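Hi everyone, thanks for making time. I'll walk you through a structure that is probably new to most of you, so have a look at it first.

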Amino acid sequence: MRKVIKHFTSLFLIPLTRWYLRKERTYTYHGTTVTVLPGVFHPGLFYSTKFLIDYLQDKPVTSKSLLELGCGTGLISIIAAKSGAVVTATDLSSKAIENIKHNTTRNGVNIRIIHSDLFKAIEKETFDWIIINPPYYVGTASDEEQLAWYAGEDFDYFRRLFKSLGDYSHKTTEIIMVLTKGSDVSKISDIGNENGLELELVKEKKVFFDEKDFLYRIRDLTR
């Protein structure tokens, strides 16, 4: 059944989502409204972004440094900034960077925005929180719009992510990542283990049919 759902996602859901996002949209969650530019991941069409936001709602982020990797529209970063966090938001997509700049102005928040492939353009510093909504599926993005979906043929995104996380976190950094049952959680966890990291399940949420989203805390076993 899971293989059927993954095949359906690849064959129909991603193209259907891209078709819907050919026009500019708006989306509101927890009182924050963002513009969704064509080609940028829509935070309302899937549960992952909302799952992360709901998790952070009662967490102590005020005056804490927070890094969001893969910010898309910037909804998570903007809500965190409204809660008093000192936010850095990054994305590999130039369209996403344009989108979050627009949305920070729209919402009147101050966020440091960096166009970066994971940590490449971020100077060495540590953060109190690191929030990750990664591309879930194996495969190579054929254009910028697919960067939010595909992690490379050999989970390249996760290999590079886990290799560098330790340089940007300290002993008490909270690193939270969302994954879906449709992704290869076992393989991703194994790559984490190879880098001295452990994926600790924090919460799970049934999305539809047999599908679930999972929140993981990434623990550095070398510290």
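Let's start with a question: which residue in strand 6 stands opposite glutamate 68? It's isoleucine 131. Before I go on, please keep in mind that this is a predicted model.

So, strand 6. Strand 3, residues 65-69, runs parallel to strand 6, and the two pair over four bridges. Strand 6 also pairs with strand 7, which covers residues 169-180, again in the parallel sense, this time over five bridges. If you want a spot to click on there, take isoleucine 130, whose bridge partner in strand 7 is isoleucine 175. To get from strand 6 to strand 7, the chain passes through helix 5, residues 156-164, and that β-α-β crossover is right-handed. As for cover, five of the six residues in strand 6 are buried.

Now let me zoom out. The protein chain has six helices and nine strands. It has 223 residues, and 51% of them count as buried. Looking at contacts with a separation of 6 or more, 61% are between residues 24 or more positions apart. On the outside, about 10700 Å² is exposed, with carbon and sulfur atoms supplying 50% of that.

Next, the inside. The largest nonpolar core has 62 residues, and the ones touching the most other members are Phe158, Leu161, Phe162 and Met177. Helix 3, residues 75-82, gives this core its largest share, with six residues. Let's pick methionine 177 and see what surrounds it. Skipping neighbours within four places in sequence, methionine 177 is in contact with a long list, including Ile132, Pro134, Phe158, Leu161, Phe162 and Phe214.

Phe158 brings me to the rings. There are eight aromatic pairs in the structure. One of them is phenylalanine 41 with phenylalanine 46, a stacked pair with 5.7 Å centre to centre and 25° between the planes. Phenylalanine 41 has a relative accessible area of 22%, so it counts as partly exposed. Now compare tyrosine 157 and phenylalanine 158: their ring centres are 5.2 Å apart, and this pair is edge-to-face because the planes sit at 80°. Both tyrosine 157 and phenylalanine 158 are buried. Together with Phe162, Tyr157 and Phe158 make up one aromatic cluster.

Over to another part of the sheet pairing. Strand 4, residues 86-91, and strand 5, residues 112-115, are parallel and share four bridges. Threonine 90 has isoleucine 114 in strand 5 as its bridge partner. Put helix 4, residues 94-107, in with strand 4 and strand 5, and you've got a right-handed β-α-β unit.

Right after that, have a look at serine 116. Where does it sit? Serine 116 is in the loop between strand 5 and strand 6. And is serine 116 buried or exposed? It's buried, because its relative accessibility is 3%, and the cut-off for buried is under 20%. Leaving out residues up to four places away in sequence, serine 116 touches Thr90, Asp91, Leu92, Ala121 and Ile122.

One last stop: helix 2, residues 48-56. Eight of its nine residues are buried. Among them are Lys50, Phe51, Leu52 and Tyr55.

That's the tour, and I'm happy to go back to any part of it.

Key
Residues are numbered from 1 along each chain as its sequence is written. This is a predicted model: local features need pLDDT of at least 70, side-chain atom pairs count only at pLDDT 80 or more; totals for chains, interfaces and linings use all residues. Side-chain values use heavy atoms; hydrogens and water are left out. Buried means under 20% relative accessible area, exposed over 50%, partly exposed in between (1.4 Å probe, protein chains only). Contact means heavy atoms within 4.5 Å. Accessible areas come from the Shrake-Rupley method with a 1.4 Å probe; for residues, only the protein chains shown count as cover. A nonpolar core is a set of buried Ala, Val, Leu, Ile, Met, Phe, Trp, Tyr and Cys residues joined through side-chain atoms within 4.5 Å. Two strands pair if DSSP finds at least two bridges between them. A crossover is right-handed if, with the strands pointing away from the viewer, the path from the first strand over the helix to the second runs clockwise. Rings of Phe, Tyr and Trp (its six-membered ring) pair if their centres lie within 6.5 Å; planes under 30 degrees apart count as stacked, over 60 as edge-to-face and the rest as tilted.
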